[in-house]
Amino acid sequence: MERLIGGPMLSGRPWPLGATWDGAGVNFALFSAHAERVELCLFVGDELQTAFLPERTDQVWHGYLAGASPGLRYAYRVYGPFSPEHGHRFDASCFLLDPYAREVADGLLPSTASDARLCAKACVTDDEFAWGSDAPPAVPWTDTVLYEVHVKGVSRQHPGVPEALRGTYAGLASPAMIEHFRRLGVSALNLLPVHFFLDEQRLLDAGRVNYWGYNSLAFFAPAARYAAKVGGQSVCNEFKTMVRSLHAAGLEVILDVVFNHTAETDAYGPTLSFRGIDNLSYYRLPPSDLAAYENFSGCGNTLNLAHPRVLQLVMDALRYWVEVMHVDGFRFDLAAALTRDSAFLAAVRQDPVLQRVKLIAEPWDVGPDGYRLGRFLPGWSEWNDRFRDDVRAFWLTGEAGVGQLAQRLAGSSELFRFAGRAPQASMNYICSHDGYTLRDLLSFQAKHNELNGEDNRDGHAHNFSWNCGAEGDSQDQVVVERRRRLQRALLATLMVAQGVPMLQSGDELGRTQAGNNNAYCQDNPLTWLDWSTADSDLIEYVAGLIDLRRRLPQLRRHHWLTGETGAAGQPDVVWWHPAGRPMRVTDWQSRKLASLAVQLAPEPASADGLGAHTLLCLINRDEIPVSFIVPEGVWRQLCESSARQPFVSVQRVKTSVVPARSVQILTLEHA
């Protein structure tokens, strides 16, 4: 029996996986189906202490270290064959990160004082935290408005955030940031990846980093690079404090998670964790060439969720973030890679913890049959790139007609209306981190990614963008006005569509990335929000739209639009031609028609307020005003997107002139 840091190494137990402190010591458990031995390595000051895990039960190596406590740094060395042709890549000279590590020591650290090699070291943690009365806001899907945000970039330059907190978890939940989120009226923050991740060596060699963070290595550990560590607070506790503060403000926390690949990349990448623990189990390998990797992620490897222990790892991580860290949901990067030949969707569907959180899929990857939009199960929402492309193409390039726009406004029912799914299955967005900002969408005809060092070859080339007559910034007032109107029309379209709207952070400020539509490696003022140049009028406009959506249940329906007469005594939806008649087949097929109106029936559950009235949205893409003959009655204008004061109430009777490139929202006062 070996003794480490004053305590004996006992046999311990094979569950739970990871390092678990029980108040008297720490149990270590590591899955490896093909290892021959597993060595626990402890880093105590400058001293390295090692001992082999004494027991193996059902392919789990385990041991119990009496006297060990939170804060202890550790790693593993795993012994087995190095035989890539058979799928094995064991290397006992490598210190390996525990896949269940709850906290990772800052970045990659020297393994010992005398060894210059780098490794990621796990830290034993104590999950206890003073949550107080914290409770999930549990905002219904129908009332959800997502705000996609980068933890560092959103507060790095905010003058109202204390300097020591800028760019951190604490900064994200600072009073100044919460004030802005509440001013906008968003209900949930969708955080770009916060799992511990690495910067690719090729980026470091070029003086850049992986800013977005889609290069995870530890699925349980929050990235230390975003921790302020004020007062010696641990990374985990700072994250929990952030969640608690955001919850107190009524804001949900959604994590962007990357379970499709890891930072170990391809066969030439570093051995840091999974590869050295059990390469054959953790990764998808081509049956005809076990020395290679399936690459459905485009990042060098693909996690093997078809293996029950790898699926368990993902499920355990998801439950940990919900139960221990109190997050409210997940957006799954390249989610198609998780579903291929695996039981992932079934496992999530039956899980009692995950059933109550928000689940969002990016429903594609680069593998075979990789585009799976509309093919996820009830309970899921999906990033709807058809919404993004069709709405952009309608307003900016004319490549989409009124028929395509109507499909997107109706929640993309042709994609999602099956198996009892609701309109909230469609996650609608105009812009996201992966692409142009809203301002750049209207300022650049072509991408300008030269700063990324890839000769402008990276990033999407076909963006349905329009520079409105000048590439980049312009002082031409005609160009400026076009951009102003289109920016507001696009945002209005997002907020009146059925489904769940997502706003990219900074688009309400009018931020630019100088035409870079793939700024994944730009951790600098190009991507940090510049609060000193924020467009206050645009902020108020976005806040007004979100508030209007909140007050209009007609825009947040639980059920699909059918055109049939419902409880309100009228069709739930009527599509109108500007001439005051219902749309005809030839109208829907027209490539020239640039205007239409959608009429939505009152919501029967709304006894009073705006929900008790018929709603009419008038849309004019044309470059000239269009006069709409509106249905009979007295209509009150709630919003005119192109107006300098867009929410001033105006009475309309019989006709309504909709200015060029704008959206009007009207409510029927009385028939």
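Let's start in the middle of the chain: strand β23 pairs with strand β24 (residues 426-429) in the parallel sense over two bridges. Strands here, like helices, are DSSP runs numbered from the N terminus, with at least two residues (E) for a strand and at least four (H or I) for a helix, and two strands pair if DSSP finds at least two bridges between them. What you're looking at is a predicted model, so local features need pLDDT of at least 70 and side-chain atom pairs count only at pLDDT 80 or more, while totals for chains, interfaces and linings use all residues. Residues are numbered from 1 along each chain as its sequence is written, and side-chain values use heavy atoms, with hydrogens and water left out.

Back to β23. Trp383 stands opposite Met427 in β24. There is also strand β22 (residues 358-361), which runs parallel to β23 and is joined to it by three bridges; here Ala361 has Glu382 of β23 as its bridge partner. In a regular strand, side chains alternate between the two faces of the sheet. You can follow this in β23 (residues 380-383), where Trp380 and Glu382 point one way, Ser381 and Trp383 point the other way, and all are buried. Buried means under 20% relative accessible area, exposed means over 50%, and partly exposed is in between, with a 1.4 Å probe and protein chains only.

Now for a pair of helices. The axes of helix α10 (residues 385-397) and helix α11 (residues 402-409) come within 9 Å and cross at roughly 140°. That makes α10 oblique to α11. The contact is made by Arg386, Phe387, Asp390, Val391 and Phe394 on the α10 side, and by Val402, Gln404, Leu405 and Arg408 on the α11 side. Some vocabulary helps here: axes are lines fitted to C-alpha atoms, for helices over the stretch in contact, and angles run from 0 to 180 degrees between N-to-C directions. Angles under 35 degrees count as roughly parallel, over 145 as roughly antiparallel, 65 to 115 as roughly perpendicular, and the rest as oblique. Contact means heavy atoms within 4.5 Å.

Further along, helix α14 (residues 477-496) and helix α15 (residues 536-551) pack at an angle of about 20°, with their axes 10 Å apart. α14 and α15 are therefore roughly parallel to each other. Among the residues making this contact are Leu491 and Met495 of α14 and Tyr541 and Leu545 of α15.

Helix α14 also leads us to a sheet, since it lies across β28 and β31, running at about 45° to β31. The sheet is open and made of six strands in the order β26-β27-β28-β31-β29-β30, with antiparallel pairing. β26 (573-576) and β30 (650-658) stand at the edges with a single partner strand each, so one side of each has no neighbour in the sheet. On average, neighbouring strands of this sheet are turned by 40° against each other, direction ignored. Within the sheet, β28 (residues 615-620) and β31 (residues 662-670) pair in the antiparallel sense over six bridges, and Ile619 stands opposite Val663 in β31.

In the loop between β27 (595-600) and β28 you'll find Gly609. Gly609 is partly exposed, with a relative accessible area of 44%. Gly609 and Pro553 are 56 residues apart in sequence, and their C-alpha atoms are 10.0 Å apart in space.

Where else does the chain get tucked away? Try helix α6 (residues 274-282): eight of its nine residues are buried, so α6 is largely enclosed by the rest of the structure. Those buried residues include Phe274, Ile277 and Tyr282, and they pack against β4 (25-31), β9, β11 (88-89), β19 (216-222) and α7 (308-323). Strand β9 (residues 73-79) is also the place of Arg77, which counts as buried at 16% relative accessibility. Not counting residues up to four places away in sequence, Arg77 touches several others, including Arg37, Glu39, Leu48 and Phe95.

One last stop is Thr142, in the loop between β15 (122-123) and β16 (146-149). At 8% relative accessibility, Thr142 counts as buried. Leaving aside neighbours within four places in sequence, Thr142 is in contact with Gln424, Arg556, Arg557 and His558.
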